Amino acid sequence: MSKKRVLTGYRPTGRLTLGHWFGNLMNMLALQDDYEAYYFVADWHALTSDWADTSGIRKYTEEMVLDWIAAGIDPAKATIYRQSDVPEVAELTMYLSMVTPVTWLERVPSYKEQREQITEKDLSNTGFFMYPLMQAADITIVQGDIVPVGEDQLPHLELTREIARRFNNAYGGLLKEPQAMIAKEGARVPGTDGRKMSKSYGNAIFLSETEEETTKKVMGMMTDPARKLKTDPGDPDICPLHQIHKLVGDAADVAEFDRCCRSAECGCVMHKRKLAEDLNGYLRAFRERRAELAATPGYAWEVLAEGAARVRPAVDELMGNVRRAMHVDAG
Ligand code: TRP
């Protein structure tokens, strides 16, 4: 029996954060052993919102691949490729657009939200509007069974399923309807200010930053805002420091900080020092591997070239079937 397929993609918009690590990377790592894994850099998706300045895309692509591999994504197991190296994604996007009503794209929550909230970029372009449609093509072109993503992506997965269903009704059951998979723990890693960790909020801890940078950020973290004095009892449940410590610290240490915070026996500064130490310890092996990988020039591009070759048979097979079903093949 052939293995089921797992697929996911990240937009290359910068280095990966602790939010990526707990929100999705852990799932990707676990799945690469039991599934045929396809992990790709969604560089065309980055273009949809950052079309006015595309100068960072190649650099971010390379950094993302190094971050993935240093985190344990194994290029011998998982096929790591770049979206733009599979031009058929654009072709399939176009075919899928035939069965996708404009209203389906208009009602995607992230579309409405980002059009309203992101004011520093011009998102009135057609490419941005088609973002979820292209995502549906990414997924169906390799017939992904499972798609590990953050919670915010659920509407995109639902839309993919609807598009696949409509396509299948019109042209025969060629496309697989994928299942989303959400990370159990730490789906929402708080940033240094207590909001969801995100590069665009400026509250992110990057996996590949230096220990000094991490320590500085942790020492500046927000804690329970109601705890003004060390003698005030704190509430660990609303403290971002505690939330992150739970993910990276020793369970007994974490329990002790929980206790002494509630009883006002220990202060936040001490807890910050401990978290900085534990977090740097937790990330040390990753950072060492990351530095080793970065020392080989061109390594990420070699991995991507190999990945592009490895994804090819799946793409050729599906696209052959799709063109035939739509009568746009040689006949
Ligand atoms: N939309 C995803 C994000 O913003 C990135 C993405 C593009 C993706 N294509 C995909 C994720 C296909 C999963 C599957 O994070």
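Colleague: How many residue pairs are in polar contact across the interface of domain 1 and domain 2?
Modeller: Three pairs, with both residues at pLDDT 80 or more. Keep in mind that this is a predicted model.

Colleague: Which elements give two or more residues to the domain 1 side there?
Modeller: Two helices do, α1 (18-34) and α3 (57-71).

Colleague: Which element gives the largest share?
Modeller: That is α3, with five residues on the side of domain 1 that touches domain 2.

Colleague: And how do the residues of that side divide into nonpolar, polar and charged?
Modeller: Seven are nonpolar, four are charged and one is polar.

Colleague: How many salt bridges are there between the two domains?
Modeller: The count between domain 1 and domain 2 is one.

Colleague: Separate point: what does the side chain of D67 meet in a salt bridge?
Modeller: The side chain of R290, with 2.6 Å from N to O.

Colleague: Back up a step. Where do the domains run along the chain?
Modeller: Domain 1 comes in two segments, 5-188 and 297-326, and domain 2 covers 209-291.

Colleague: What distance separates their centres?
Modeller: Taken over C-alpha atoms, the centres are 34 Å apart. Domain 1 puts twelve residues into the contact and domain 2 puts in ten.

Colleague: How much area do they bury between them?
Modeller: About 960 Å², and carbon and sulfur atoms carry 66% of it.

Colleague: Which residues in domain 1 lose the most area to domain 2?
Modeller: L18, F22 and A70, which together make up 49% of what the domain 1 side buries.

Colleague: Now the ligand. How many residues surround it, and which are the closest?
Modeller: There are 14 around the ligand, and the closest are R11, Y131, Q135, D138 and Q153.

Colleague: What does the side chain of R11 have next to a ligand oxygen?
Modeller: An N or O atom, at 3.1 Å from that oxygen.

Colleague: And which distances go with a ligand nitrogen, for Q135 and D138?
Modeller: For Q135, a side-chain N or O atom is 3.0 Å from a nitrogen of the ligand. For D138, the distance from a side-chain N or O atom to a ligand nitrogen is 2.7 Å.

How values were computed: Residues numbered from 1 in each chain as written. Predicted model: local features only at pLDDT ≥ 70, side-chain atom pairs only at ≥ 80, totals over all residues. Heavy atoms only, no water. Domains from an automatic or database assignment. Contact = heavy atoms within 4.5 Å. Buried area = accessible area lost by both parts, 1.4 Å probe. Salt bridge = Lys/Arg side-chain N within 4 Å of Asp/Glu carboxyl O. Polar contact = N/O pair within 3.5 Å; in protein donor to acceptor, adjacent residues only side chain to side chain. Helix = DSSP H or I, 4+ residues; strand = E, 2+ residues; numbered from the N terminus. Nonpolar A, V, L, I, M, F, W, Y, C, P; charged D, E, K, R; others polar. Near = heavy atom within 4 Å.
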